[in-house]
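Here are a few notes to help you find your way around. Have the sequence and the 3D view open side by side as you read.

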Amino acid sequence: MGKLFEKFPDPLARLIVVVLALLVVGVIVFVLIPKPMKDVEIQWADAVKREQGRPVKYAGFHACAECHDKLYETKKKGYHRDLSCETCHGPAKGHIENPDKVKPVIPVGRTFCPQCHAYNPSRPRGFPQINPVAHNPLKQCASCHNPHDPKPPTTPKECSACHGEIARMKAVSHHVQLECTTCHEAPRQHKVSPRSITPTKPQTREFCGKCHAKDAKDKLAKNAPKGDLAEHGEKYVCWQCHYPHSPEVEQ
Amino acid sequence: MNGRRTFLRGFLSVLLSGGAIGGILKILPSKADAREAPPKGQKWYGFGVSVDKCIGCARCMEACKNENNVPREPFFFRTWVERYITRKNGTTAVKAIEPNAEPSPDTASDKSILRSFFVPKLCNQCASPACVQVCPVGATFQTKDGVVLVNEKTCIGCRYCIQACPYGARYLHPVTRTADKCTFCYHRISHGLLPACVEVCPTQARVFGDLNAAASPMSRFLRMNKIHVLKPGLNTEPKVYYANLDGEVR
């Protein structure tokens, strides 16, 4: 190797080495390395294809309706109408491909339903919740509630059946002696469609004033704290500042 | 003389080494820049979360693990639900809830709690994603319809993207040793299905759809709600939109 380069002047020999090295690099990069290894566009298209080819496990809402049309119709009218079948029954793609062998889960026991319906203070107000320890212990949920058309087996008589949190709060407040209906008018339909037909709330300051105004005459009002409606609170309805289920007197 | 020879030898060997080839001739990550906003007619997927509807039932986490073979251990998630508890003294505690955990009405009687609520989280599929920018091998990329995917064939598991994601949406898959994250269930949406978490959500707290579509649950969600995104100041332009988001969550 060394003798070969002796023929050329020293600087030229070095230049040849450099050019040769660059050539080798060029061949490696442009010829030897296959295109998919250096072109990200090809790799990405490949990855997208691979990602799209992954097996689907949840078949989707409409797939179940094709066979189970009766249950689908029942569910469509109940409170669980927006619920996908697979929310409770688990992934069902296998069941669609092989309906006899693969059966979706039917959740039984008292642990499944409380995952949504156990009382949790972080849940939005109005979402139906129960205390799984106190609520009919040892009974299966489905023995009273049809999961495809859930509703309370008997229409609750007491407001506290649904509004337990408010009832418990009111029970230790100064308003303990007031019935819910003293302030709220609940239409009969509220028990059937609780969210579309709601009870009334007091809309005037004079309503609370019946007990809490300076010149209140009401029997109940004997020991109630009194204020001058003309001076206190101005334009607001009382419950915009005071929480009537637990009036904050002693604090 | 000798100095120049050693320099040249060193220089050539560096030149020949793989890293330099990649660096000088820009083989791989050169094209990994974020795409601009989509052309009309092209699908551009987005996701909506109604925070006030989430009941924290963890069905979404369960469905995601089933659908996407996410490891069962409770610290690998593509989507998760956080519980925010704000106390009267102004402090806020955030804790991810666990699926199938025993229901615990623990905080019901705690008078120091001002408010508490659930916030579902997932990969924000940013229009300008930090993870794509940092990937040294171009394994993380954005598809034409705006979903950020990981190419697990080329991912080297260096975890730069996991560090770079401001939303903590990525994890290192313990089996493949590559980065893994929410793909909006890309295999489902490209066949016209909804992502698994949207499919199973019992209260419709999760909405999914094409942001370019004129009429869809997604465009209705954006029209009817006040919309926030997480960490808007980072200019990642998330495509997961939150409705009724509390000020504590940002």
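1. A good place to begin is chain B, where strand S1 (residues 45–50) and strand S11 (residues 240–243) run parallel to each other, paired over four bridges. Please keep in mind that this is a predicted model. Within this pair, B:Ser50 sits opposite B:Ala243 of S11(B).

2. Now widen the view to the whole sheet. It is open and has four strands of chain B, in the order S9-S1-S11-S10, with mixed pairing. At its edges are strand S9 (206–210) and strand S10 (227–228) of chain B, each of which pairs on one side only. Helix H8 (residues 217–224) of chain B packs on this sheet and touches S1, S9, S10 and S11 of chain B. The direction of H8 makes about 115° with that of S9(B).

3. Next, the core. The largest nonpolar core has 70 residues, and the members that touch the most others are B:Cys60, B:Phe184 and B:Cys197. Beyond its neighbours within four places in sequence, B:Cys60 has contacts that include B:Cys197, B:Val200 and B:Cys201. B:Thr79, B:Pro120 and B:Arg206 are also in contact with B:Cys60.

4. Finally, see how the chains meet: 38 residues of chain A are in contact with 47 residues of chain B. On the chain A side, helix H2 (10–32), helix H4 (40–52), helix H7 (85–89) and helix H9 (114–117) each supply at least two residues. Which helix gives the most to this side of chain A? That is H4(A), with eight residues. Sorted by class, the side of chain A that touches chain B has 20 nonpolar, 10 polar and eight charged residues.

Definitions and conventions: Residues numbered from 1 in each chain as written. Chains lettered and ligands numbered in written order. Predicted model: local features only at pLDDT ≥ 70, side-chain atom pairs only at ≥ 80, totals over all residues. Pairing = 2+ DSSP bridges. Contact = placed C-beta atoms within 7 Å. Axes fitted to C-alpha atoms, helices over the stretch in contact; angles between N-to-C directions. Nonpolar A, V, L, I, M, F, W, Y, C, P; charged D, E, K, R; others polar. Core = buried A, V, L, I, M, F, W, Y, C linked by C-beta atoms within 7 Å. Buried ≥ 20, exposed ≤ 12 C-beta atoms within 10 Å, placed from the backbone.
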